[in-house]
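Good morning, colleagues. Please have the sequence and the structure open in front of you while I speak.

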Amino acid sequence: MKLNLFTLLVLVFAFNLDAQNTVVEITPNQDSRVITTGMPFLLIAPDARAAGMGDMGVATSTDAFSQKWNASKYVFSTAKSGFSLSYTPYLSKLVNDIGIGYVSYFNRINEQSAFGASLTYFSLGEIEFVDDEFSEPLIQKPNELALDISYSLRLDDHFGMGVAMRYLRSDLKLNTGGNDINAASTFGVDITGYYQSEEKAYNDFNGRWRGGFAIQNLGPKFKYDEGGQENFQPTNLRLGGGFDFIFDQYNKLGVTLELSKLLVPTPPITAQRFEYIDNNNDGEFNSGDEAVSTDDDFVLEGQDNDVDFISGVFQSFGDAPGGGKEELKEFTYAIGAEYLYQESFAFRLGYFNEHETKGARNFFALGAGFKYNVMNIDLSYLFSASKVQSPLESTLRFSLTFNLGAGEYKEY
């Protein structure tokens, strides 16, 4: 078996003959380079409205869940304040105790400013460890959370910006031996902007343009112990634009497109050097010889991703081993539509696409919303269109929103 393995390595991979040894470069198949980060729960849409339009929210109209997507939208809210809550089951086909809970609150301070706050809690359920049939089970409850506050400012009638500060905590390490294991924690920042035009008259309808951007989870790397690996936060860039078709006072259709990209370095293509030792001095590589690793993996194509988070942001735009073509594959896009009738009923459709070599998330979504007095009820459902099954497939998500002081502020 050893002979076959080493013969295969020599035949498949390049090697250079030296007077005393051969250096063999082993390059594994790395066609699929998925970017991974710590705390990926931050990328999951917690609310049914955004989920029903393909996981988007940076350029959609204002709602109480704007804290998650683009806090600067709060200064365009016609309500004085509001709060929201939602729960999203995760891996519901396998277990019933994993899910994401979300609660948010916002308040317009005056015509120019607003603040918001939210809490996201990701529970991975209960994990039971049993040494033997006579031992008491040890119950572990791994979880992650994010707590943030935001402030947004209206710079003119049509444009506002916001900033959010976020505390992150990840308690995923399982303590099964009585060791003192601590949760990892760090902080992050969001920088956001939102544009909304006035309503304009066209031939057969009125319309309004919307646009937004957000740089999310910008902050230091974190690790679970002193000697452990450092993990990037899911720093993310979102860009979006949309248009509202206002047919009359009862009917409105909003269409939105959103692009996003992780601002995290792409994993490089790595290789390893092996020294060929000719034990029988016959000048050939055969069963009597051996190959010994000379050093750790080295970067063959791309760039080393062992950098700080600021360098990682800039490096992420040009470090893909496949060049610009691969960089474009790292963008995801979502297209969504929302039909509103009398501001009381909503029907939503959405589509989300991620390249198959970068995660293969590809799904359709639909949703609906109902308004009763100050309360909005939203729900959504996801249909996977990928060979890779989504953890949220066939999951029905519900959200509740309460808007207080509706109509207290005018749009312009």
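Arg 169 is partly exposed, since its relative accessible area is 28%. In this predicted model, the side chain of Arg 169 meets that of Asp 171 in a salt bridge, at 3.9 Å from N to O. Asp 171 likewise counts as partly exposed, at 22% relative accessibility. As a general point, side chains of opposite charge can pair when their charged atoms come close. The structure holds 17 salt bridges, and I shall discuss two others.

One of them joins the side chains of Asp 63 and Arg 49, with an N to O distance of 3.0 Å. Asp 63 belongs to the loop between α2 and α3, whereas Arg 49 is in helix α2, so this pair ties together parts that are 14 residues apart in sequence. Are these two residues buried or exposed? Asp 63 is buried, with a relative accessible area of 18%. Arg 49 is buried as well, at 8%.

The other pairs Lys 261 with Glu 327, whose closest N and O atoms are 3.7 Å apart. Here distant parts of the chain are linked: Lys 261 is in strand β14 and Glu 327 in helix α5, residues 324-329, with the two positions 66 residues apart in numbering terms, that is, 66 residues apart. Both Lys 261 and Glu 327 are buried. The pair also belongs to a network, in which salt bridges that share partners join Arg 33, Lys 261, Glu 326, Glu 327, Glu 330 and Lys 358.

Lys 261 has a further contact to note. Its charged end sits over the ring of Phe 317, 5.4 Å from the ring centre. A second arrangement of this kind involves Lys 221, whose charged end sits over the ring of Phe 232, 4.4 Å from its centre.

Let us turn to the strands around Lys 261. Which residue stands opposite Lys 261? That residue is Leu 237. Strand β13, residues 236-246, and strand β14, residues 251-262, run antiparallel and are joined by eleven bridges. Four residues lie between β13 and β14, and the two strands form a hairpin. On to the next pairing: β14 is joined by eleven bridges to strand β18, residues 331-341, and these two also run antiparallel. Within that pairing, Leu 257 has Ile 335 of β18 as its bridge partner.

I now come to the aromatic residues. How many aromatic pairs does a search of the whole structure find? It finds 20. In the pair of Phe 243 and Phe 245, the ring centres are 4.8 Å apart and the planes stand at 75°, so the pair is edge-to-face. Phe 245 and Phe 247 have ring centres 6.3 Å apart and planes at 10°, so that pair is stacked. Regarding accessibility, Phe 243 is buried, with a relative accessible area of 10%. Phe 245 counts as partly exposed at 25%, and Phe 247 is partly exposed at 43%. These three phenylalanines belong to one aromatic cluster together with Tyr 202, Phe 205 and Trp 209.

Two points of backbone geometry deserve mention. Met 39 has a phi near 50°, a positive value in a residue other than glycine. Met 39 is in the loop between β2, residues 22-26, and α2, residues 48-52, and counts as buried at 2% relative accessibility. Asp 55 also has a positive phi, near 60°, and is again a residue other than glycine. Asp 55 lies in the loop between α2 and α3, residues 66-69. With a relative accessible area of 13%, Asp 55 is buried.

Finally, a word on confidence. The chain has a mean pLDDT of 85, and 83% of its residues reach 70 or more. Which elements have the lowest and the highest mean pLDDT? Strand β1, residues 15-17, has the lowest, at 38, and strand β13 the highest, at 97. Over residues 1-20, pLDDT stays under 50, and the model has 22 contacts beyond four places in sequence for this stretch. Where pLDDT is low, the predicted coordinates should not be read in detail.

Thank you for your attention.

Notes: Residues numbered from 1 in each chain as written. Predicted model: local features only at pLDDT ≥ 70, side-chain atom pairs only at ≥ 80, totals over all residues. Heavy atoms only, no water. Phe/Tyr/Trp six-rings, centres within 6.5 Å; stacked < 30°, edge-to-face > 60°. Buried < 20%, exposed > 50% of the residue type's maximum accessible area, 1.4 Å probe, protein only. Lys NZ or Arg CZ within 6 Å of the ring centre and 35° of its normal. pLDDT = per-residue confidence, 0-100. Contact = heavy atoms within 4.5 Å. Pairing = 2+ DSSP bridges. Salt bridge = Lys/Arg side-chain N within 4 Å of Asp/Glu carboxyl O.
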